Amino acid sequence: MHSKTSDAREHAPLSRTARDGLKIVIVGGFGVGKTTMVRSVSEIRPLSTEETMTQAGVGIDDASLVQDKTTTTVAFDFGRISLDEQMVLYLFGAPGQERFWFLWDRLFMGTLGAVVLVDTNRLSDSWYAIDRLEHHGTPFIVARNNFGEPQHTLEEVRAALDLPPDVPIVDCDARERDSSKAVLVELVKHLYSLSTSSSAALESTA
Ligand SMILES: Nc1nc2c(ncn2[C@@H]2O[C@H](COP(=O)(O)OP(=O)(O)OP(=O)(O)O)[C@@H](O)[C@H]2O)c(=O)[nH]1
Ligand SMILES: [Mg+2]
């Protein structure tokens, strides 16, 4: 049986005033909460490609730190959120298992920006995502998904990930709609500031 929320989400038409659609990708290591984030924030019933985890992940993916987890994304998650009357974000959640990483490069096509979701218990799982985004030249922010009391400051996380100072890093709880929305707003602000600084640079050379 569907909850009240999912019923409402099944009939959430795109606003007639929507003008700008931005493709945003949520990436990160296995089980950091990418699907959870797309689900919590999407105003339409999200499309998910979850499958029960199989033996193929044993010895490769460390599920011990996400013990309630029984499914994994095998293609991508898709959701939508309207930030204001004109701006709509189309959200794609990437699959986290290493055997599906070949899908990432396709997923990045046409992407304006990305959120790298990290779990500080498994920071090294985020390196591949950051590496691919840098390779594609896709702007991104980092969001630490809090699975309990944080053990490190955000500046310590920045240093551990060797993030440039201009890459924003924020805290979130991917299960909470408002928290996930705040992450997306932070990403849009970052994209906006990058675009205004590059137009200012162009004007100064004109
Ligand atoms: N405690 C806590 N658990 C969370 C949080 N976010 C996600 N989870 C749980 O962590 C598990 C992993 O979440 P998913 O959203 O499936 O992670 P994913 O990154 O999409 O995983 P893959 O697609 O398999 O890489 C699920 O059991 C969630 O309920 C969080 O902020 N706090
Ligand atoms: Mg997933």
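# Exercises on a predicted model

The chain contains 7 aromatic pairs, counting rings of Phe, Tyr and Trp whose centres lie within 6.5 Å. The model is predicted, and the exercises below are to be read with that in mind.

## Exercise 1. An aromatic pair and its surroundings

Task: Classify the aromatic pair formed by Phe76 and Phe92, and state which parts of the chain it ties together.

Solution.
- Step 1. The ring centres of Phe76 and Phe92 are 5.6 Å apart, and the planes make an angle of 50°. Planes under 30 degrees apart would count as stacked and over 60 as edge-to-face, so the remaining class, tilted, applies.
- Step 2. Phe76 sits in the loop between β3 and β4 (77–82), while Phe92 belongs to strand β5 (residues 87–93), so the pair ties together parts that are 16 residues apart in sequence.
- Step 3. Phe76 has a relative accessible area of 28% and is partly exposed. Phe92, with 16%, is buried, because buried means under 20%.
- Step 4. The pair belongs to a wider group: Phe76, Phe78, Tyr90 and Phe92 make up one aromatic cluster.
- Step 5. Phe92 also has a charged neighbour, as Lys23 lies over the face of its ring, at 5.0 Å from the ring centre.

## Exercise 2. A tryptophan pair

Task: Describe the geometry of the pair formed by Trp101 and Trp104, and decide whether these residues are buried or exposed.

Solution.
- Step 1. For Trp101 and Trp104, the centre-to-centre distance is 5.6 Å and the angle between the planes is 50°, which makes the pair tilted.
- Step 2. Both Trp101 and Trp104 are buried.

## Exercise 3. The magnesium site

Task: Identify the protein donors of the magnesium ion (ligand 2) and locate them in the chain.

Solution.
- Step 1. The protein donors are OG1 of Thr35 and OG1 of Thr73, at 2.0 to 2.1 Å from the ion. Water is not among the atoms, so the site may look incomplete.
- Step 2. Thr35 is in helix α2 (residues 34–41) and Thr73 in strand β3 (residues 71–73); the two are 38 residues apart, and the pair links distant parts of the chain.
- Step 3. Thr35 and Thr73 are both buried.
- Step 4. The helix that carries Thr35 can be examined as a whole: 6 of the 8 residues of α2 are buried, so this helix is largely enclosed by the rest of the structure. Its buried residues are Lys34, Thr35, Met37, Val38, Ser40 and Val41.

## Exercise 4. The shell around ligand 1

Task: State how many residues surround ligand 1, which elements supply them, and which polar contacts are formed.

Solution.
- Step 1. Ligand 1 is surrounded by 19 residues, of which Lys34, Thr35, Thr36, Thr72 and Asn145 are the closest.
- Step 2. At least two residues of the shell come from each of α2 and β3. Helix α2 gives the most, with 3 residues.
- Step 3. The side chains of Thr36 and Thr72 each place a polar atom 2.5 Å from an oxygen atom of ligand 1. From the backbone, an N or O atom of Gly31 lies 3.1 Å from an oxygen atom of the ligand.
- Step 4. Ligand 1 has 660 Å² of accessible area on its own, and the protein covers 84% of it.

## Exercise 5. The loop between β5 and α3

Task: Describe the burial and the contacts of Pro95 and Gln97.

Solution.
- Step 1. Pro95 is placed in the loop between β5 and α3. Gln97 lies in the loop between β5 and α3 (104–107) as well.
- Step 2. The relative accessibility of Pro95 is 0%, so Pro95 counts as buried. Gln97, at 1%, also counts as buried.
- Step 3. The side chain of Gln97 makes a polar contact of 2.8 Å with that of Arg99.
- Step 4. Pro95 and Thr73 are 22 residues apart along the chain, yet their C-alpha atoms are separated by 4.9 Å. Thr73 is the magnesium donor of Exercise 3.

## Exercise 6. A positive phi

Task: Explain what sets the backbone of Asp162 apart, and where this residue lies.

Solution.
- Step 1. Most residues other than glycine have a negative phi.
- Step 2. Asp162 is not a glycine, but its phi is positive, at about 55°.
- Step 3. Asp162 lies in the loop between α5 (154–161) and β8 (169–172). With a relative accessible area of 66%, Asp162 is exposed.

## Exercise 7. The chain as a whole

Task: Give the secondary-structure content of the protein chain, the order of its elements and its share of buried residues.

Solution.
- Step 1. The chain has 6 helices and 8 strands.
- Step 2. Along the sequence, they follow the pattern α-β-α-β-β-β-β-α-β-α-β-α-β-α.
- Step 3. Of the 206 residues in the chain, 43% are buried.

How values were computed: Residues numbered from 1 in each chain as written. Chains lettered and ligands numbered in written order. Predicted model: local features only at pLDDT ≥ 70, side-chain atom pairs only at ≥ 80, totals over all residues. Heavy atoms only, no water. Donors = N, O, S within 2.8 Å, 3.2 Å for Na, K, Ca; no water. Helix = DSSP H or I, 4+ residues; strand = E, 2+ residues; numbered from the N terminus. Buried < 20%, exposed > 50% of the residue type's maximum accessible area, 1.4 Å probe, protein only. Phe/Tyr/Trp six-rings, centres within 6.5 Å; stacked < 30°, edge-to-face > 60°. Lys NZ or Arg CZ within 6 Å of the ring centre and 35° of its normal. Near = heavy atom within 4 Å. Polar contact = N/O pair within 3.5 Å; in protein donor to acceptor, adjacent residues only side chain to side chain. Areas by Shrake-Rupley, 256 points an atom, 1.4 Å probe, with all protein chains shown as cover.
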